[in-house]
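Please look over the sequence and the model shown here before reading the notes that accompany them.

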Amino acid sequence: MELRQLRYFVTVAEELNFGRAAERLHIAGPSLSQQIKALERDLNVRLFDRDRRSVTLTASGAALLPHARALVDQADELRRRAAGLLTSEPVRIGYVNFCPTDWAERTAGVAQVRVDTWVMPSHTQAARVSGGSLDLAICWVQTTDLASLSLDAHLVGVDPLSALSVGSDTSPVEARETLVLLDADEASWSSWNRYAEQFAADTGARIVRVDDGGVTGPTFFEHVRRLRRPVLNNPKGQSMQEPSGLRRRSVVHPTPLWTWSLVWRKGEDNPAVRAVIDEFTRDAGELGIDDEGAWLPATDPHRPTGIRTKADRPPSPTTAPPPTSQAARPQSERTVTPSHRNLTGQ
């Protein structure tokens, strides 16, 4: 029996709904169900009666709930006292579209955490930390951002970026054969535009300028169909199911990586904030940024030394040069303007 299992039990008992409990705990529903079953095996009792429509506490579950809640509360109180955080204000954290799935469990015993529901682009979230309206944010930053905003950063996540193309081909695509979309709306897409420009400069990928927010979402799919070339997918689109007629393809030579940093103000002396930073950054594990063939922008604060530029990249003799026709070779100055917009930034 583990403390986290008791925490999961208490949350499910409060919600009486595994979906809502999983969302509140920021873990996957199947994982939550497995942990509850493991706890039931350890205790040798059934805690919940479950069917397709409802979840109810059994008599044993109802009897054990106050004791489990007391144990969880005592453990959290002990950790707060040990860290000297008993009277601390909530730590305010913002994010873009990446957040550790176990953040609630990892921080419950060291500080109160308030996750900001105002999801904004990376550059906005970093600025909010610098300005004091957030204590922490998980976002994409460059070394120039850290210097200008007086922030520190620690790597907490990495997304390899794939491309989308028309047809049935799912084979890897050379980075130089991809297109990258830049959006005219800098207020929403500043971070993505900076990343895409550096990727194009280093790999030879071609830039296509748009003004409709179509670097992700349904409008992005329209661009892929129209351009009929592999188009680099924005981090927000990596988890989206591609529609019929489009295929996801890995990008190689090099493989672009998008990093997620936990950022905080330089010289941060709030013990609650420091405790949350420690919880988020310990045991980060291998995230793949040192893998051969990986690419990060030169201004990425987590970029290791090694082959990362167009000049240093080894040639790929098996790859044919890209088509040269106007229809298949969009120019960087070309602007594509469908009829609707997607203004959620990165």
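The report below takes up one helix and then two single residues, all in a predicted model.

## Helix α1

Helix α1 is made up of 13 residues, running from 3 to 15, and its C-alpha atoms span 19 Å from the first to the last, which is close to the 18 Å expected at 1.5 Å a residue. Within α1, an unbroken run of residues is buried, namely Q5, L6, R7, Y8, F9, V10, T11, V12 and A13. Just after the helix, L16 adopts a positive phi of about 50°.

## T255 in strand β14

Strand β14 covers residues 255-265 and includes T255. The relative accessible area of T255 is 23%, and because the buried class is reserved for values under 20%, T255 counts as partly exposed.

When neighbours within four places in sequence are left aside, T255 is in contact with P160, G293, A294 and W295. Another residue considered alongside T255 is L296, which is 41 residues away in sequence, with the two C-alpha atoms 8.7 Å apart in space. The side chain of T255 also reaches the backbone oxygen of V251, at 2.7 Å.

## D145 in helix α7

D145 belongs to helix α7, which comprises residues 143-149. With a relative accessible area of 12%, D145 is buried, because this value falls under the 20% cut-off. Once residues up to four places away in sequence are excluded, D145 touches S150 and R194.

Methods: Residues numbered from 1 in each chain as written. Predicted model: local features only at pLDDT ≥ 70, side-chain atom pairs only at ≥ 80, totals over all residues. Heavy atoms only, no water. Helix = DSSP H or I, 4+ residues; strand = E, 2+ residues; numbered from the N terminus. Expected span 1.5 Å × (residues − 1). Buried < 20%, exposed > 50% of the residue type's maximum accessible area, 1.4 Å probe, protein only. Contact = heavy atoms within 4.5 Å. Polar contact = N/O pair within 3.5 Å; in protein donor to acceptor, adjacent residues only side chain to side chain.
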